[in-house]
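Biologist: I'm new to this one, could you pull it up and take me through it slowly?

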Amino acid sequence: MHNINQPYLQAANIKIKINHLNVTISSAYFPPGQQITEPKLKSFIQSLGSFFIIGGDFNAKHTQWGSRYTNTRGRLFHTSILKNKLSFISPDEPTYWPAHENRSPDILDFFITSIPTGLKYHIKNLNELSSDHSPIQLTIGAFPASSPTTSLSSGPIDWKIFQQKLDISLSLNFPLKRSSDIDNAISILTNSIQNAISTSSSPNPNKNQPKYPTSLPTYLVDLIKAKRQARSLWQRTKYPIHKTIYNHLITDLKTQLAKFRSEQFSKHLSTLTPNNGSLWKMTKKLINHRDNTPPLERPDKSLAISDLEKANLFCDQLSSSFSPHSDLASSPDHVNLVNSFLSSPLPMSLPAKSISPAEIVSVIHKLRPNKSPGHDQITNKIAKNLPKKAILFLTHIYNAMLRLSYFPPTWKYSIIIMISKPNKPKHLTSSYRPISLLPTFAKLFEKLILHRISPLVDQHNILPKSQFGFRRKHNTIHQIHRITDKISASFETKQYCPGVFLDISKAFDRVWHDGLLFKLKHFLPSPYYLILKSYLENRSFSVRQKNNISSIKNIEAGVPQGSDLSPLLYNIFTADIPTTNQTLLASFADDTAILTSNNNPDIASQNLQLHLNKIESWAKNWKIKINDEKSSQKRKLTSKLFPFEELPVDIRHYEMFRWFIDDGTAKSAVYENKSVHEKDIEIIPERVSNAIMDKAIAIDEIKCYLTEGSWLVIQRYIKMKKLTPAWIYPICA
């Protein structure tokens with residue numbers, strides 16, 4: 001075949017036979033500095049024939065084939081792939097490794113294909129650097145590379161056989177007098193379930209078949225037979241007329257197949273519904289967004305390339321997060337008070353209420369079947385199909401845990417997977433959020449404990465009325481109503497209403513365990529306090545990156561992510577946040593708003609600052625850190641509030657202009673010295689504040705920007721109407 005040598009494209013082409021089909025193999029290079037248009041790209045694709053594989057360096061980035069972001073050429077290639085009904089095959093790892101420290105590895109090398117859907121293939125990144133690009137290998141006709149299974153079953157499970165095998169392997173005559181007995185019982189239960197699942201499941205022969213009907217009607221089967229007969233006849237005779245008949249049949253078959261598949265797909269779409277999740281699954285499949293993790297940047301600027309290196313880097317980063325704030329030191333007296341109270345003897349109390357099999361069955365019935373399992377791979381669906389004997393076995397374990405105040409370490413070990421945050425640089429570990437996978441039976445026990453301690457929390461009025469997060473019959477709308485009602489009341493009474501909005505840094509991850517236990521010990525009976533103490537101690541985790549697991553790290557602080565108990569424990573930990581009679585406190589989990597109102601702006605600001613000072617002292621004692629970046633006005637908690645007239649001159653003039661003109665004109669006037677004409681005046685009544693006039697802030701400060709006509713319009717409005725809205729003072733450092 002002919003080769004191509006153009007400024008925008010260099011390609012070497014050959015033709016081979018795959019399953020009796022002529023397939024063009026094209027090794028292509030698209031230089032980065034040259035412009036390529038859609039018609040040129042389409043012309044190149046059409047020159048390769050019906051079946052082809054284009055591989056090489058496209059210098060095109062798109063998130064669909066795993067690049068970190070999408071560039072202009074990437075959009076062009078992706079559009080052409082869709083319009084020409086082509087496919088792409090790309091590796092999971094970067095193929096471009098720049099030497100410059102300001103550039104990051106990315107995927108630039110991949111394949112664009114037009115091959116029959118029945119052909120199997122496997123792509124592999126060879127990671128053999130002879131240049132700044134690593135070669136990739138595409139094997140056609142190969143079976144996909146096998147990967148370690150993450151499921152206990154090899155296919156559909158016969159639940160009756162599973163229950164029978166589990167009944168045979170479990171014995172209820174098992175002593176549970178020591179913590180080691182509980183560990184052994186959990187090991188027996190886990191191994192028995194895993195073995196029963198493995199032996200009661202079988203591979204699904206129809207696993208790779210599509211869910212909508214694909215059986216062909218008779219007329220299509222006949223058309224396929226006619227096409228094959230015509231091909232055989234033409235290959236024997238080589239007559240042009242036979243070739244023409246064969247081509248007509250091919251065209252007719254393609255048309256009829258496309259029409260049939262479109263009809264079948266439309267019927268399948270009509271059956272989708274959001275109720276059972278089928279609509280979401282099909283949408284996700286069609287979007288097919290790849291979320292690969294590129295090489296990660298270490299603190300020393302080196303790169304973690306392999307999955308194991310990435311997992312260990314994530315693990316180190318999370319380990320530092322799951323510890324108390326190192327830059328916050330509570331007062332020695334407060335620490336001594338906490339330690340002294342924790343070491344004091346516990347009061348006598350009744351044993352914890354025992355757990356019944358019916359209670360376990362009731363909680364299991366409410367579990368969602370599609371939740372991911374923990375490290376033992378026991379899913380909620382498996383729990384829903386446990387036989388009665390296994391439920392009794394589990395009941396004995398739970399009651400022994402309550403009796404001995406012991407939470408087993410195997411149920412305190414979590415596997416964490418990292419999910420990228422949207423619109424964040426993917427080469428930084430801080431751009432990922434952890435998702436913790438806990439064992440099913442551990443979460444089941446947490447739900448049972450939650451049912452027991454929640455009434456005690458309500459009975460002792462532990463949670464303040466200002467906290468609306470993770471509480472029954474409370475939601476964000478209710479809290480927003482409280483805040484807007486306060487602001488509206490200030491408008492109606494013509495009062496000043498300053499406000500501060502605070503966010504806690506690493507709120508759930510850095511909860512001080514001793515401080516939380518100090519608060520739990522004050523109201524919980526001894527059995528529940530001790531089991532929660534065991535629950536928080538000696539927790540551990542690993543990070544999973546694809547099929548690689550990091551080393552195990554300990555968790556020194558925080559409430560477990562993904563746990564049913566964590567929201568309540570966090571609310572208890574922050575329940576004693578200071579309040580004052582002069583301010584309104586509104587909290588939703590770790591987000592807090594503080595509002596106050598007064599006829600005198602100085603008094604309102606002072607009331608707000610007094611409350612902030614109390615919160616600052618309280619947060620320091622309990623090792624809670626305010627997130628400066630996410631708090632209101634992005635200023636520090638200890639910042640001083642000051643009135644409008646003390647703002648910088650340009651900001652003050654800009655804010656005054658915004659009462660009378662739009663933002664764009666205001667910026668042009670203040671920062672570009674453009675005159676404001678009468679036609680530019682658009683008085684916005686809700687922005688005008690009489691308080692500014694009463695404070696003797698002369699409106700003639702901005703007279704120099706105005707023409708004579710526009711100045712007269714503003715003066716006329718001020719004399720005609722007086723308004724006094726609430727004013728929120730900015731927080732400045």
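Biologist: To start somewhere specific, is Arg-68 buried, partly exposed or exposed?

Modeller: Bearing in mind that this is a predicted model, Arg-68 comes out as partly exposed, with a relative accessible area of 22%.

Biologist: And which residue does Arg-68 form a salt bridge with?

Modeller: Arg-68 forms a salt bridge with Asp-106, and the closest N and O atoms of the two are 3.8 Å apart. Asp-106 lies in the loop between strand 5 and strand 6, while Arg-68 lies in the loop between strand 4 and helix 2 (72-83), so the pair ties together parts that are 38 residues apart in sequence.

Biologist: What about Asp-106, buried or exposed?

Modeller: Asp-106 is buried, with a relative accessible area of 1%, whereas its partner Arg-68 is partly exposed at 22%.

Biologist: Which residues are joined into one network with that pair?

Modeller: Salt bridges that share partners bring Lys-61 together with Arg-68 and Asp-106 in one network.

Biologist: How many salt bridges are there in the whole structure?

Modeller: A search of the whole structure gives twelve. One of them is between Arg-452 and Glu-359, with the closest N and O atoms 2.7 Å apart. This pair links distant parts of the chain, since Arg-452 sits in helix 13 (residues 440-459) and Glu-359 in helix 10 (residues 357-365), 93 residues apart. Both Arg-452 and Glu-359 are buried.

Biologist: What does Arg-298 pair with?

Modeller: Arg-298 forms a salt bridge with Glu-309, where the closest N and O atoms are 4.0 Å apart. Arg-298 is in the loop between strand 9 (296-297) and strand 10 (303-304), and Glu-309 is in helix 8 (residues 307-321), so the pair ties together parts that are eleven residues apart in sequence. Arg-298 is partly exposed, with a relative accessible area of 26%, and Glu-309 is partly exposed as well, at 33%.

Biologist: Changing topic to the sheets: in what order do the six strands of the open sheet come?

Modeller: The order is 1-2-3-4-6-5, and the pairing in this open sheet is mixed. Strand 1 (4-6) and strand 5 (87-89) stand at the edges with a single partner strand each, which means that one side of each is left without a neighbour in the sheet. On average, neighbouring strands here are turned by 20° against each other, with direction ignored.

Biologist: How many bridges join strand 4 to strand 6?

Modeller: Strand 4 (residues 52-57) and strand 6 (residues 109-114) run antiparallel and are joined by six bridges. Within this pairing, the bridge partner of Phe-52 in strand 6 is Ser-114.

Biologist: Which strands does helix 1 touch?

Modeller: Helix 1 (residues 38-46) packs on the sheet and touches strand 1, strand 2 (9-18), strand 3 (21-29) and strand 4, its direction making about 130° with that of strand 4.

Biologist: And what is the pairing in the sheet with three strands?

Modeller: That open sheet is antiparallel, with its three strands in the order 13-18-17. Strand 13 (499-503) and strand 17 (583-588) are the edge strands, and each pairs on one side only. Strand 13 pairs with strand 18 (residues 591-596) over five bridges, and in strand 18 the bridge partner of Val-500 is Ile-594.

Biologist: Which strands does helix 18 touch there?

Modeller: Helix 18 (residues 601-621) packs on this sheet, touching strand 13, strand 17 and strand 18, and its direction makes about 150° with that of strand 18. Helix 14 (residues 476-492) lies across strand 17 and strand 18, running at about 160° to strand 17.

Notes:
Residues numbered from 1 in each chain as written. Predicted model: local features only at pLDDT ≥ 70, side-chain atom pairs only at ≥ 80, totals over all residues. Heavy atoms only, no water. Pairing = 2+ DSSP bridges. Helix = DSSP H or I, 4+ residues; strand = E, 2+ residues; numbered from the N terminus. Axes fitted to C-alpha atoms, helices over the stretch in contact; angles between N-to-C directions. Contact = heavy atoms within 4.5 Å. Salt bridge = Lys/Arg side-chain N within 4 Å of Asp/Glu carboxyl O. Buried < 20%, exposed > 50% of the residue type's maximum accessible area, 1.4 Å probe, protein only.
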